Amino acid sequence: MFSVCLLGVLVLMIVQRLLDYANTWATGMLVVKVLLGIGIIGVIWGIVLLGLELSGRRNSAHRIISGRNVLIASIIMVLCMWAISYVGTQPIKMLYVVLPVLAVYYLVYHSYAPEFFVIAADCGMAIGLMWLIHRALVSSNFGWMAYAAVGAAVVLALLQLIIVWILRGKGGKFTFRGEKIDSHFSRNAYTMLTVTPLVMAVLVVAVLLMSSWTLVAMGCAAAYLFITAVYYTVKLM
C-alpha cells in the first residue's frame, strides 16, 4: 500500500502535466477515464478476492495482493479519478498531500504499537478539522461547516472514550465474527487513548472560539504527535 500511494503521486504528476496544456488535455482526460475504469475493475476484483478469503477458499496470509489491499487501493483510485474527471486539476494538489499521508499511516499501522496508530489518526483528524474550521470561518457561505466540524470532533472523541472504556473492562479483548481478538495494547495505552481525544477535541473547539490562533492549535497537535511518535519509536528499540 505504501508503494501504491507513492506510485499514485507519480501518476497524478503525469495526469496534471497532460491536463495543464490545451494540446494534451484530451489525452489527459482519456488517461483519467482509463484509470477510472481500471479502478472500478479493481474494486470488483477486490470484492471477489475478499469473498474468497472470508469463505476460506483463499489464504491471504503473507500476500501483498489480498482482497483488502486490492479493494482499498482500487477505491482510492476510483475516488481520485472521479474527482479529477468532474472537478478538474484542483483536487490533484490536495491528493499530493493525502496520498503520502495515507502511505505514512500504513507504515505506522504495520510498524508501531496498535494504540499509536489510533493516536496518530486522532491527531491527523484534529488537524484536518482545524483547517476545515479555519476555511469555513473565512467563507461567507460555509460558516455552518465550522460548527459541524466541532460537532464531529466531540462525537468522535466521545465514541473513542466509550470504546476504550469497554476494551479496558475486557482486558483489551473483543469478539468479531465469532472470533476472539486481542488488541495487544500496552500498559499505558488506555491512558494515552483517553487523553489524546480529549486534548484534540479541546484544540478543535479552541480554533472555533479563537480562529486567529489556528496555526498555534495545529502546531500544538503536531507537537503532541511528534513527542508521542518519539516515545513509541524509542519503545521499538
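Buried means under 20% relative accessible area. This cut-off is applied below to a predicted model, in which Tyr232 has a relative accessible area of 2% and is therefore buried.

**Figure 1. Overall fold and confidence of the predicted model.** Eight helices and two strands make up the secondary structure of the protein. Read from the N terminus, the order of these elements is α-α-α-α-α-α-β-β-α-α. Along the principal axes, the C-alpha atoms occupy a box of roughly 60 × 55 × 35 Å. Of the 237 residues in the protein, 34% are buried. The exposed surface of the protein amounts to about 14800 Å², with 72% of it supplied by carbon and sulfur atoms. Among contacts with a separation of 6 or more, 65% join residues 24 or more positions apart. The mean pLDDT of the protein is 86, and 95% of its residues reach 70 or more. Confidence is highest in helix α7 (residues 189-209), at a mean of 92, and lowest in strand β1 (residues 173-176), at a mean of 70. Where pLDDT is low, detailed reading of the predicted coordinates should be avoided.

**Figure 2. Edge-to-face pair of Tyr105 and Phe117.** The aromatic pairs of the model number six. In the pair of Tyr105 and Phe117, the ring centres are 6.1 Å apart and the planes stand at 85°, so the arrangement is edge-to-face. Tyr105 belongs to helix α4 (residues 90-111) and Phe117 to helix α5, so the pair ties together parts that are twelve residues apart in sequence. Phe117 has a relative accessible area of 26% and is therefore partly exposed.

**Figure 3. Edge-to-face pair of Tyr231 and Tyr232 and the surrounding cluster.** The description of a pair of aromatic rings rests on the distance of the centres and the angle of the planes. For Tyr231 and Tyr232, the centres lie 5.1 Å apart and the planes meet at 80°, so this pair is edge-to-face. The two residues differ in their exposure: Tyr231 is partly exposed, with a relative accessible area of 36%, whereas Tyr232 is buried at 2%. Both tyrosines belong to one aromatic cluster, which they form with Tyr112 and Phe116.

**Figure 4. Nonpolar surface patch of Met125, Val155, Leu156 and Leu159.** These four residues make a nonpolar surface patch of about 360 Å². Helix α6 (residues 144-169) contributes the largest share of the patch, namely three residues. Met125, by contrast, is located in helix α5 (residues 114-137). The relative accessibility of Met125 is 45%, so this residue counts as partly exposed.

**Figure 5. Surroundings of Ala157 in helix α6.** Ala157 is situated in helix α6. Its relative accessible area is 8%, so Ala157 is buried. When residues up to four places away in sequence are not counted, Ala157 touches Pro197 and Ala201. Between Ala157 and Pro197 the C-alpha to C-alpha distance is 5.0 Å, although the two are 40 residues apart in sequence.

Notes:
Residues are numbered from 1 along each chain as its sequence is written. This is a predicted model: local features need pLDDT of at least 70, side-chain atom pairs count only at pLDDT 80 or more; totals for chains, interfaces and linings use all residues. Side-chain values use heavy atoms; hydrogens and water are left out. Patches are made of residues with over 30% relative accessible area and no salt bridge: like charges are joined within 9 Å, nonpolar side chains (Val, Leu, Ile, Met, Phe, Trp, Tyr) within 5 Å. Accessible areas come from the Shrake-Rupley method with a 1.4 Å probe; for residues, only the protein chains shown count as cover. A salt bridge is a side-chain nitrogen of Lys or Arg within 4 Å of a carboxyl oxygen of Asp or Glu. Helices (H or I, at least four residues) and strands (E, at least two) are DSSP runs, numbered from the N terminus. Buried means under 20% relative accessible area, exposed over 50%, partly exposed in between (1.4 Å probe, protein chains only). Rings of Phe, Tyr and Trp (its six-membered ring) pair if their centres lie within 6.5 Å; planes under 30 degrees apart count as stacked, over 60 as edge-to-face and the rest as tilted. pLDDT is the predictor's confidence in each residue, from 0 to 100. Contact means heavy atoms within 4.5 Å.
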